[in-house]
Every structure is written in structure tokens, then in C-alpha cells.
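Open your viewer and keep the selection box handy. We will go stop by stop.

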Amino acid sequence: MEKSKKEVTIDSSDVDTSKNGTYKVTYTVLDSFKNKTVITRTVNVVQKLNKTVSQDTSETGIYKGSEANNYIMFSGMLFRIVNVDGNNIRIVTDKDIANVNYSAIDKWLEYFYKHLSTNSKKLVVKNEYCTGELGYENIDRNTNCPSKTKTKNAYILSTKEINESRDEEGRTYILPSTTSWIANKSGEKTAWTAREGFAYMGSQFISLQQEYNLGVRPFLTIKGDTLVIAGDGTIENPYKLGDITPGEADEYLNTRYSGEYITYSGYTW
């Protein structure tokens, strides 16, 4: 009896190996007796996070300007990728997620780290962060570290990261619309804050009393070899790491993770 010989053709494929994501490939299989079978397969394109950042930043490792597509979901919260640190990646929350006085920042950040999802905490790398005191004469151009912290799970941005992210026209994606603490002090009782709207005062930094309750945006380091399993870095489709399982319809809210977003009565909470 003659054996059936199979011929396989690809009918359609939207696979782009340069972009992370899930793609469909449709195959048609014909045997020598003209029996036809159509099969669709799912192809997952993944890439290490540090390679993705390197490609996005033309190998500089630093995102610059005001329109950077560097959004990433981490532990259910929206972050921005800041830069490459060695082989690892540093990220900061897109918005303030707390308001505390300057002396309480470290204690609150411990609380923040404790409430990350279990899988997300496994991706965090303890790191040293820029801090120190800066005066008015160098605040707007400082890209150095006056000093560094001890190793921490999380900290807050310094002027170094903010100023490094500026393009040739001084624009940066990293400044918040709210008043947020940054790591540098301006004196014994005052510390620097950053805000996009301060530019009308001639600077995007302003010194305020440390006892004020102002915004905090956690800044942390995650493993660079973490796989990006989906997303293109835009706010509509941020990079995803698979560190949490997305919520589903009819799931109880008390089973979800701290920091996740929900829509209720037309508002995002």
C-alpha cells in the first residue's frame, strides 16, 4: 500500500521576531491523497529585559525625552523603565503612590516592598542609590552621585536620573505632574522635590520643608535577564513580565495584588 506523503505550507503568519508578544501561525497540511488539514499554532516571542532596553535606547541604556515608550507593568502597577544598571534594569512608578514626610520615606518603602507580589519580589535586586546634598548652583545639571545609600530593596529618584533623562531641549518623561520628593537634600531641614510644573519658576526642582507630606515614587532594580513576554512599551500596551496572573471576571478583589488598578463608576482606582 502506498504511503501518504505530506506537504506543509504556511497560509498566514504575523510573527515578528523583533517584537515581544503572542502570534498566530496557520499551517495547511496536504497528503498525497489530497486530504487537507488546517492547523493554527500560537508562537510566543520573548526577549530578555536588558536586551529590550538596549534596543529601545540605541545601546545607551538611558531613555531620554518626553515621549519615551518605556512603560512596564510590575506587580500589577504601572512603572517607567529608567536605565540599565550593569546587567540589571531600574524602574520607577509612573505616578506617586503615597504621600509621606521625608523622614518616613525609608520606612514606607519597606512597607511597599513587603506588599509586592511574591513573584515580583523574586525579581528585585538590592542596590545602592544616589543621594546626598545639593545646592541651587548645581541642581539643574547634576548627573553625579554626591553619595550613595546602603543596599536597599527600593529608594526614590535623585537629580542624576532625572537630569540624565533630558533630551537636547531639556524635555524628560520622568517628571511627575505632582510634587514628589527626590533623594537629594538641600539642607538640614529641607529637601528637593521635582515637578513638571516648576519650570515656570526657572527650574523643575524646588526645596521644601522635610516635614511636609509629599509624593513618593518607588525606584527599584530588577533582574536584567527577566523575560519580557508581551507588550511594546507604550502606555496602552506596557511590557509584561509574567510576575502576576491577570484578573478575570467574577474574581474576588481580596484575592488580587496590592497596587493593581480597577475601574469603578467610570473612575480608575
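Which residue in S7 is the bridge partner of Asn-83? Select Arg-90: that is the partner.

Before moving on, note that this is a predicted model, where local features need pLDDT of at least 70, side-chain atom pairs count only at pLDDT 80 or more, and totals for chains, interfaces and linings use all residues. Residues are numbered from 1 along each chain as its sequence is written, and side-chain values use heavy atoms, with hydrogens and water left out.

**The sheet.** Select residues 77-85 and 88-93. These are strands S6 and S7, antiparallel over 6 bridges. (Strands are DSSP runs of E, at least two residues; helices are runs of H or I, at least four. Pairing takes at least two DSSP bridges.) Now add 71-74 and 219-222, strands S5 and S15. The open sheet of 4 strands runs S5-S6-S7-S15. S5 and S15 each have a single partner strand, so one side of each lacks a neighbour in the sheet.

**Arg-166.** Go to the loop between helix H4 and strand S11. Arg-166 is buried (under 20% relative accessible area, 1.4 Å probe, protein chains only). It has no salt bridge, meaning a Lys or Arg side-chain nitrogen within 4 Å of an Asp or Glu carboxyl oxygen. Asp-140, the nearest side chain of opposite charge, is 5.0 Å away. Show Gly-170 too: its backbone oxygen lies 3.2 Å from a polar side-chain atom of Arg-166.

**Ala-154.** Last stop: the loop between strand S10 and H4. Ala-154 has 7% relative accessibility, so it counts as buried. Its contacts (heavy atoms within 4.5 Å) beyond four places in sequence include Phe-112, Tyr-129 and Phe-219. Tyr-113 is 41 residues away in sequence, yet 7.2 Å away C-alpha to C-alpha.

Technical notes:
Buried < 20%, exposed > 50% of the residue type's maximum accessible area, 1.4 Å probe, protein only. Lys, Arg positive; Asp, Glu negative; His and termini not counted. Polar contact = N/O pair within 3.5 Å; in protein donor to acceptor, adjacent residues only side chain to side chain.
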